[in-house]
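Grab a pencil and have a go at a few short exercises. Each one comes with a worked solution, so try it yourself before reading on.

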Amino acid sequence: MLSHLFRLLRRLWPISALATLMGAASGIATAALLALTNRTLHDGDAALPTFVASFAGLCALALAGEVISDIGNNVVGQRVIAALRKDLCAKIIAAPISEIEQFRSHRLIAALNQDIDTISTFSFMFSSLAIATATIAGCLGYLFVLSPMLLLIALVAIALGSIVQSLARRVGIRRFGAAREAEDRLQKHYRAMVDGAKELRINRERRAFVYGHELSGTIDAIFRLRVRAANVFVSANAFGSLLFFVVVGLMLVLQGGAAHADRSVLTGFVLVLLYMKGPIQEIVGALPSIGRAQVALRRIAALSARFSSSEPALLDAPPRATPRHAQAFDAHAFHTITLRDITYRFPAPQDDSHAGAPADMAGFALGPLSLTVTRGETLFIVGENGCGKTTLLKLLLGLYVPDSGALLVDDAPVRADGLDAYRQLFSAVFSDYHLFDTLLPGEHTRENEAQRYLERLALAHKVSVRDGMFSTTDLSTGQRKRLALVHAYLEGRPVMVLDEWAADQDPTFRRIFYTEILPDLKRQGKTLIVISHDDRYFDAADRVIRLEDGRIVEAVQPGRDTAMAFAARRS
Ligand SMILES: Nc1ncnc2c1ncn2[C@@H]1O[C@H](COP(=O)(O)OP(=O)(O)OP(=O)(O)O)[C@@H](O)[C@H]1O
């Protein structure tokens, strides 16, 4: 990703160079304007004839240079932001689901917003820093012409200042890094504040804790860390200024002591040194921003490395997405989908405030287990909360990569290059589903069909399809889940996966789901994989498997008495 950024910057170099050149021209024109004004004030009327033309020309150059430089910088800065945003989004979309789940969404949002903005702030300063560097180089060159000995003194002073600066930067960056960690926590608390508004309103103690401890505490911590980081830079900056005055004072004393000293050389040296103070301070003043940009870049690079995908083609548009030799699956022709001897273990839980620090507890482990789903069957997966049903589904859908074992279609292993094609066999409504309010372009033509499904799911009085969008998603919990099912219908995939879909439905609709919708989908030839806690409807399944602590402990072909058998077992 960072290499992509540098490639992008390389491509933008003509604009950067032009911006820098025009900025330098503007600076020189401004200096020349000052000299011209000074001379005209001294020479009086004699200078007037040439004054007007020169003054106008220099004004135009100063103005045009500044405008072009600013526009150029803006273009480069905005392009960098856009490229970073797109790259990061692409990374996240193609990243392994397990990594996204581990990383936590508030940290992703912080990276997408804060880190990229920090980098862009730095990129806006780029050309003025380049101008300052060029000016310093020019000044050093002039010092060499004046006296190599004096240049050496200046270089020693600059080296001393640089050592102090780099020490300060190390401390400053550490503090900025800690502040950035705290900003991740702040994002989490922001979410709790917004998502938990109702809970906070009815619980005074929690409200006081969230505001007084979590929000204010983190905000104050960021304040302190940032101020302390800035203080280090300010102190180093003051030391740099002091160094200038010490060197200038030293020169003046030396000049007094050495009668034969060339006054014009010493005067030139002092003047150049004082002149250099401006650009040097500009660079030094930018160091905190550079430090923060460094922290942001490091975080983005770490995220980028962590999210590197084994399926980088996920965002390529077909047919590029399916290379010629990639594995393909015929949605109408497969017979079985199998998980063979698979195991999967979540990493140990991490303390969110100290991401990376492992806790004592090992992560949940699923398997080893084997499961074959036959085309057209209705399979129920049942078991207590936390026994691994959803994890099993994610493995079956190819969302998690098993630690061992294999995923097979018709006894042939699903290869890495076929995983995305494999997933296209499924529609899913997860228990933590996301409801998209738009239809896909291909689905637009099926607005009538969508309307029929809305009617079927008793949503037509609330929701309609207009211009490829559902008219509203402001619905009750149960209604939202029905709308998610409309999406799944419209996708028209051969396998439907429903994770506790009926849990939020009223008894009437729950009955309709098990006794009408599922049988109807089965008649359409769909393979149905349903996670359910509704034991009274287990006879709607062709097969019920029960999980316990990550293992399949029971597989039943339900007869008429299955519901009773399960109910008896549970009681
Ligand atoms: N992203 C994750 N990272 C770490 N552990 C996880 C993660 N997701 C789930 N787990 C753990 O794995 C175990 C199984 O979770 P899973 O969601 O598969 O259970 P489930 O049977 O679907 O439960 P429920 O009926 O409550 O939905 C749980 O103990 C949970 O804590």
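Here are five exercises, each followed by its solution.

Before you start, two house rules. The model is predicted, so local features need pLDDT of at least 70 and side-chain atom pairs count only at pLDDT 80 or more, while totals for chains, interfaces and linings use all residues. Residues are numbered from 1 along each chain as its sequence is written.

**Exercise 1. Take stock of the whole protein: how many helices and strands does it come to, and what share of its residues is buried?**

Step one: count the secondary structure, which comes to 16 helices and 12 strands. Helices (H or I, at least four residues) and strands (E, at least two) are DSSP runs, numbered from the N terminus.

Step two: look at burial. A residue is buried if 20 or more other C-beta atoms lie within 10 Å of its own, exposed if 12 or fewer, and partly exposed in between, with C-beta atoms placed from the backbone. On that count, 29% of the 571 residues are buried.

**Exercise 2. Find out what UniProt says about transmembrane regions, then check two of the spans.**

Step one: the unreviewed UniProt entry places "transmembrane region" at residues 12-34, 46-64, 122-144, 150-168 and 232-254. Such positions are given in the numbering used here, feature names are shortened, and annotations may be inferred rather than shown by experiment.

Step two: check residues 150-168, which are 100% helix and 0% strand, with end C-alpha atoms 27 Å apart. Residues 232-254 are also 100% helix and 0% strand, and their end C-alpha atoms lie 33 Å apart.

**Exercise 3. Which residues of the largest nonpolar core touch the most other members?**

Step one: know the term. A nonpolar core is a set of buried Ala, Val, Leu, Ile, Met, Phe, Trp, Tyr and Cys residues joined through C-beta atoms within 7 Å.

Step two: pick out the well-connected members. In this core of 56 residues they are Phe380, Ile381, Leu485, Val486, Val497 and Ile529. Helix H14 (residues 477-491) gives the most to this core, with six residues.

Step three: zoom in on Phe380. Leaving aside residues up to four places away in sequence, Phe380 touches Val530, Ser532, Phe538, Ala541 and Val544. Touching here means contact, with C-beta atoms, placed from the backbone, within 7 Å.

**Exercise 4. Describe the shell around the ligand and the helix that gives the most to it.**

Step one: of the 13 residues around the ligand, Phe346, Phe364, Asn385, Thr390 and Thr391 come nearest. To be near, a residue needs its C-beta atom, placed from the backbone, within 6 Å.

Step two: helix H10 (residues 389-396) gives the most to this shell, with three residues. Seven of the eight residues of H10 are buried, so the helix is largely enclosed by the rest of the structure. Among those buried are Lys389, Thr391 and Lys394. After H10 comes Gly398, with a positive phi near 75 degrees.

**Exercise 5. Follow strand S4 (residues 404-409) to its partners.**

Step one: S4 pairs with strand S1 (residues 336-345) in the antiparallel sense over five bridges. Strands pair if DSSP finds at least two bridges between them. Ile337 stands opposite Val409 in S4.

Step two: S4 also pairs with strand S5 (residues 412-413), again antiparallel, over two bridges. Here Val409 stands opposite Ala412.

Step three: inspect the turn. S4 and S5 form a hairpin with two residues between them, and Asp410 in the turn has a positive phi of about 50 degrees. Asp411, in the loop between S4 and S5, has a positive phi near 70 degrees. Asp411 counts as exposed because it has 11 C-beta neighbours inside 10 Å.

Notes: Two residues are in contact if their C-beta atoms, placed from the backbone, lie within 7 Å.
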